[in-house]
Amino acid sequence: MNDKDNSAMKTLPSVDAVIIGLGWTGSIMGMELTDAGLNVVALERGGDRTKEDFLYPKPADELKYGVRLEMMQRPKQSTVTIRRNADEEALPQRHWTTFHPGDGVGGAGSHWTGVLYRATPTELSLKSFADRTFEPGFLPEDMTIQDYGVTYEELEPHYDFFEKVAGLSGQAGNVQGEIIDGGNPFEGPRQNPFPLPPLPRTLTDTLFTEATKKLGWHPYPYPSANVSGAWTNPYGMQLGPCNFCGFCSNYGCLNYSKASPQTCVLDALKQRETFSYRTHCEVTRIVKSDDGETVKGVVYRDGEGQETFQPAGMVILASFPLSNVRILLLSEIGKPYDPVANTGVVGRNFSYQITGSIDMYFKDHQFNPFISAGGSGQVIDDFSPDTFDTASHGFIGGSYIYTTQGPGGAIGAIRTPPGSASWGSEWKKNASEHYGHHMMLGTTGTNMSYRDVYLDLDPTYTDPHGDPLLRMTYDWKDNDMRMTQFMAERMREIVAELKPDYHTESFKQVGDHFDPSHYQSTHLTGGAIMGTDPKTSVLNRYLQHWDAHNLFVMGASAFPQNMQHNPTGTVAALTYWSAKHIRERYLKAPGPLMEKA
Amino acid sequence: MKLYYGNDTIASKRGRDALALLTGTLLAGAMAPGMTYAQGDARPDSQALARGAYLARAGDCVACHSAPEGKAFAGGLEIKSPLGSIYSTNITPDPETGIGNYTEAEFAAALRDGKRADGSHLYPAMPYPSYARLTDQDVHALYVYFMQGVTPVNHQPPQTALSFPFNQRWGMSVWNWLFADKAPFTPTQGDSAEINRGRYLVEGLGHCGSCHTPRGLFQQEKALGDDEGDSYLAGADLNDWWAPSLRGKGTGQGVAGWTRQDIVDYLATGRNAHSAVSGEMTSVIVNSTSHLSSEDLGAIAAYLKSLPVPRGHGKAPADADIKATEQHLSTGTSLSSGEALYLDNCNACHFANGQGASEVFPSLVGNSQANADNPTALIHTILNGAQLPSTPQKPEALMMPGFGWRLSNQEVADLATFVRAGWGNTGGAVTAEQVQQVRASMDERSGFSGAPDSESQHAADTGSAHSS
Amino acid sequence: MTDAPRNRQRRAFMRNSLLSIPAVSVGSSLAFRASAAAPEAPPLHDYYPTFFTSEEWQFILSATDLLIPADDTGPGALDAHVPVFIDRELAGGYGQAEHWYMQGPFRTDAPAEMGYQLPHTPAAVYRLGIRATDAHCRRHFSKPFAALDKATRTEVLSALEKGTPDFNALGIANLPSSTFFAFLLQNTREGFLSDPIHGGNRHMVGWKMLGFTGARASFREWVDQYDQPYPLGPVSLNGERG
């Protein structure tokens, strides 16, 4: 609680569990903990969001949602500062450019794209894989990758369950070891096929599939949480078939088609008398107990500025990864990471996502890009961390290469030839003639963790209440740039097959520096990582805090380094995994679920 | 001062229990079950009490005997009838304003014969002609429940005051002699036990005929059971909202085209592979049928599927008609005004094939609103939208937006006319005047509007322009 | 101060604008409209801006007209009421940077890749940028921007895009001319291509130019109709159909 004057602080009756943040992980934990008989309160920083907010045609407003980013966290309330290295002064994201952290009930789960992946067995045990695979000394000395501490086999049932919750649509590639044609042959074995078949194929899907097959690769449909048909999930919640409305990433779904806390969990959760939630309540501190082993509740500020202490038997920290790390640092729970001394853990192993793209112009194709669904697309996984000899190309890691039809909006869909005018009649003619004739290729890849890439509290900038902002120290590294250049080569092979009239490229190169003025990805990971050694992780393998056994931290802040695949599936699977151990073991005998080695 | 914006009533209510739990090292072994039920096994009549509570659900007593915002069973709901307004009575065991002084015999007389303890007659807004079917055992269970399981509320609802001659309650004895002639239920020979159970629930406590059987000149249901002719449950106009035929044996629109499981799903959750609940039936599902056992719902379904469809019942749309409309809409060319409006407003969920998605978006093909003689319900739904109830099995309160803010009367008329003629539907054309009448009658606060709110006018947020 | 006729007209316009906002709150059907015809916005020359002064308004009219001109490809920014859109955006929360992080210190010399680091709200960027541009034009051409001939205005906009005019030398600190231009261009495109509910893209002219379908949001039957031109026009949030 620091030295703040808390004389005006209000104290509420205690609850069994308080959940900080009501997005995917908070909603899932709400179900699991009320199932276990607990009284649960969720505190959400943003406003409420119900189906009524997503009624057709409200979301179909590109300016409001796609450009002004209505569904995102308000930078005024809290933002991050960014620098590329310790010698730079970190500066705040004054409005979001490089990533889009969500806000409000549903969190990022309401405005995500709906690409729902599993991690591969290798990626969960990447350090062990590297030790087996590469010559000693191959990995850069400052690379700090680790195993997650949980295996694919352990997570598989939880992936499986969440995929049913979300109505995952697509084609399995590996069911119980049997490789299935048309699916991703490089995925880990799954006990069940996908709940629903793939979405219908767009023109871009078909062109990509034909080209990559010719190249001998293995295209498969994006595993999509924009569902292909009517679906009732294990909670009795329902999804309707996606109609390719074109308003997906950054938007709430107007058709009950995108899996989200609203469509998949919340109405079921709200039926439970032992659950309640409060909106516009921003948690500022988790409060440590005097016993040094637990926390005793949280302090939050409500919509009218009232500071309130909510005592709780357990605390589930379930906000966005950056917010998770900031709350831990502000609460002084766990030792902050010091990259110079290489001590401490909170803020360590922050990582991001390596992306790149190619844009192709086809005079003779009409793509109708407004016919677009976030989870629709075709992908190859032929260049994953363990599917080819990356060492011979000088890196560890891998990327998937994909296409998706779109973008759905108009403002964001303007394409004009390189070097042409950006306004006036020339621009107008080009914009008009090029609209609908573009197809994209993208790559989304691993990002390793490094000793000098981390999160801490900013020494200069504060939020409106005087609490320091989170500071991100991040830059691109040669290993990851060599990987993305390798992917650019593969994508050029696809371009050569497809023979567009022209194409443009956007790839990072060795020596480039992180550019936060452009959108990169909202897949920010690490900073409060899981593991098996308290000296190198904040959480044990059950997402339980090493230093406070009744504090559990959900989300991608637990990833020791980022994987190529989109994080939501693994975030959800880890939440169910943690919940299982809370229910089956922790509630029966509260205490550390792992011994400190 | 308002502390929270969210719905936090529950936390504060339960906070004290939680605190008690958590003094100590918390949690371990101390997890109380989330809910406890009132009835204890020690009570002598605990079985009858539980059964009575269940039967009160089956009878949906709470629907009429509670005012909006009022306490359960304390009465006061205004029931508008062609004869004037009738106010429901307090049936809590409060001795002064409720039925606390009723003996079981007096209770049974009110329930089955429409006769109050003071000897005066009830109006048949109370479905005693149906409740006459109740067995003595069930009347006993209900009596035990209302005396022991319901919280007494001291509340005097407004008195019913109909105009002359309808305020002469004695006149009801003549009406009763003419129309309320049912005796306690006896199984029909030759039908299975399941069908007979269904018949008992439908004709008796369920009083389904109150809405779904057409009424005669004297506001009497034309049939109180399937033995009184095929007008029983043959569909009726209820305050301009078509309560469709429930007769399910044969082919045709609506329930006739549903499987037994479709009926069970609908009653349990308000939705099934074809349809979604709207109008008055929504509260029946919320308060009554969603709480019935799957055996009882199965029995109801079996019974309804045993009733032959009425004469002149609408035919189910033919596949060729469905396909023709689907193909025409999918070309997107040569469209009528109604077809274009459908593509511009409805196609996102109901699709060109009109069939929506099972249990999520109701099918418009053979849809009761699209085929009813009276188009009011369809117009109302287009203007105002609709919302499914949150039920234990299907908690999602799916919402259809209203389009009244977006479409003119003529546009709604064109759209409704198309929906009532597309995919083989046989409802008639709709006029702008009919739409205007429905608009004028609507409660302004009752809609589910898809209108973007005024904030979007000044969408103020993180911007996109940045220095280059 | 007495400007009664103008205020009357503004009120009339505001009433018309409000008419085009069908429901003021969720769940309300107060604003049911009974006729299909959307209320016609007044012609641009009758619009009285809320945010811009009359001099600024002349600048916005003449600048956006060049950024997206009416020509053989179709209607331009003025036909689309882009200036109305920008005026409304700047008068609202966006103009005030309502949700932006605007606490100092401001490192106005930060490298471009650190994103927007100026102390100005978007409203201030316009206020200062127009003042500086007009000062620049007066210095070089003896007239404000709006009074220049088309060729000279085009030249000035090109210079702004390149960041050549030094606003600092004209007394406007901490505002690169290219930043002002970037705001102007981005907001002009937004006004041309966003839903008409925001004040621009009148009669959906921007969408029709592209072949964009607006808030139609329903394409299940068209996903696999490859290389076919989509046959239906756009629909706006308010149900205007083109």
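For "domain: Glucose-methanol-choline oxidoreductase C-terminal", an unreviewed UniProt entry lists residues 456–574 of chain A. What you're looking at is a predicted model, so let's see how that stretch and its surroundings are laid out in it. In the model, the end C-alpha atoms of residues 456–574 of chain A sit 25 Å apart, and the span is 24% helix and 22% strand. UniProt also places "domain: Glucose-methanol-choline oxidoreductase N-terminal" (unreviewed entry) at residues 239–352 of chain A. For residues 239–352 of chain A, the end C-alpha atoms are 31 Å apart, with 18% helix and 26% strand.

**A sheet with a helix on it**

Chain A has an open sheet of six strands, and reading across it you meet β8-β16-β17-β18-β15-β21, with antiparallel pairing. Strands β8 (220–221) and β21 (502–506) of chain A are the edges; each has a single partner strand, so one side of each has no neighbour in the sheet. Over at the β21(A) edge, β15 (residues 354–361) of chain A pairs with β21(A) in the antiparallel sense through five bridges. If you want a spot to zoom in on, try A:Ser357, which stands opposite A:Ser506 in β21(A). Helix α11(A) packs on this sheet, touching β15, β17, β18 and β21 of chain A, and its direction makes about 20° with that of β15(A).

Between α11 and β21 of chain A there's a loop, and A:Asp501 lies in it. Is A:Asp501 buried or exposed? A:Asp501 is exposed, because it has 12 other C-beta atoms within 10 Å, and 12 or fewer counts as exposed. Still, A:Asp501 has some company from elsewhere in the sequence: leaving aside neighbours within four places, it is in contact with A:Tyr361, A:Phe362 and A:Lys363. A:Lys363 is 138 residues away from A:Asp501 in sequence, yet the two are 6.6 Å apart in space, C-alpha to C-alpha.

**Two helices of chain A**

Here are α1 and α7 of chain A set out together.

| Helix | Residues | Length | Reach, first to last C-alpha | Expected |
|---|---|---|---|---|
| α1(A) | 24–35 | 12 residues | 17 Å | 16 Å |
| α7(A) | 203–214 | 12 residues | 17 Å | 16 Å |

Helix α1(A) is mostly covered, with 11 of its 12 residues buried. Among them are A:Trp24, A:Ile28, A:Met31 and A:Leu33. After α1(A) comes A:Gly37, with a positive phi near 95°.

Now for α7(A), whose buried residues include A:Leu203, A:Asp205, A:Leu207, A:Phe208 and A:Ala211. What covers the buried residues of α7(A)? The cover includes β16 (378–380), β17 (399–403), β18 (438–445) and α11 (478–498) of chain A. You've met those elements already: β16, β17 and β18 of chain A belong to the six-stranded sheet, while α11(A) packs on that sheet. Just after α7(A), A:Gly216 takes a positive phi of about 85°.

**Where chain C meets chain A**

Chain A isn't on its own: 49 residues of chain C are in contact with 54 residues of chain A. On the chain C side, α2 (54–67), α6 (177–193) and α7 (205–210) each supply at least two of the residues that touch chain A. Which of these gives the most? That's α6(C), with four residues. Sorted by class, the side of chain C that touches chain A has 29 nonpolar, 11 polar and nine charged residues.

Conventions
Residues are numbered from 1 along each chain as its sequence is written. Chains are lettered from A and ligands numbered from 1 in the order in which they are written. This is a predicted model: local features need pLDDT of at least 70, side-chain atom pairs count only at pLDDT 80 or more; totals for chains, interfaces and linings use all residues. Two residues are in contact if their C-beta atoms, placed from the backbone, lie within 7 Å. Ala, Val, Leu, Ile, Met, Phe, Trp, Tyr, Cys and Pro count as nonpolar, Asp, Glu, Lys and Arg as charged, and the others, Gly among them, as polar. The expected span of a helix is 1.5 Å times one less than its number of residues. A residue is buried if 20 or more other C-beta atoms lie within 10 Å of its own, exposed if 12 or fewer, and partly exposed in between; C-beta atoms are placed from the backbone. Two strands pair if DSSP finds at least two bridges between them. Axes are lines fitted to C-alpha atoms, for helices over the stretch in contact, and angles run from 0 to 180 degrees between N-to-C directions. UniProt positions are given in the numbering used here, feature names are shortened, and annotations may be inferred rather than shown by experiment.
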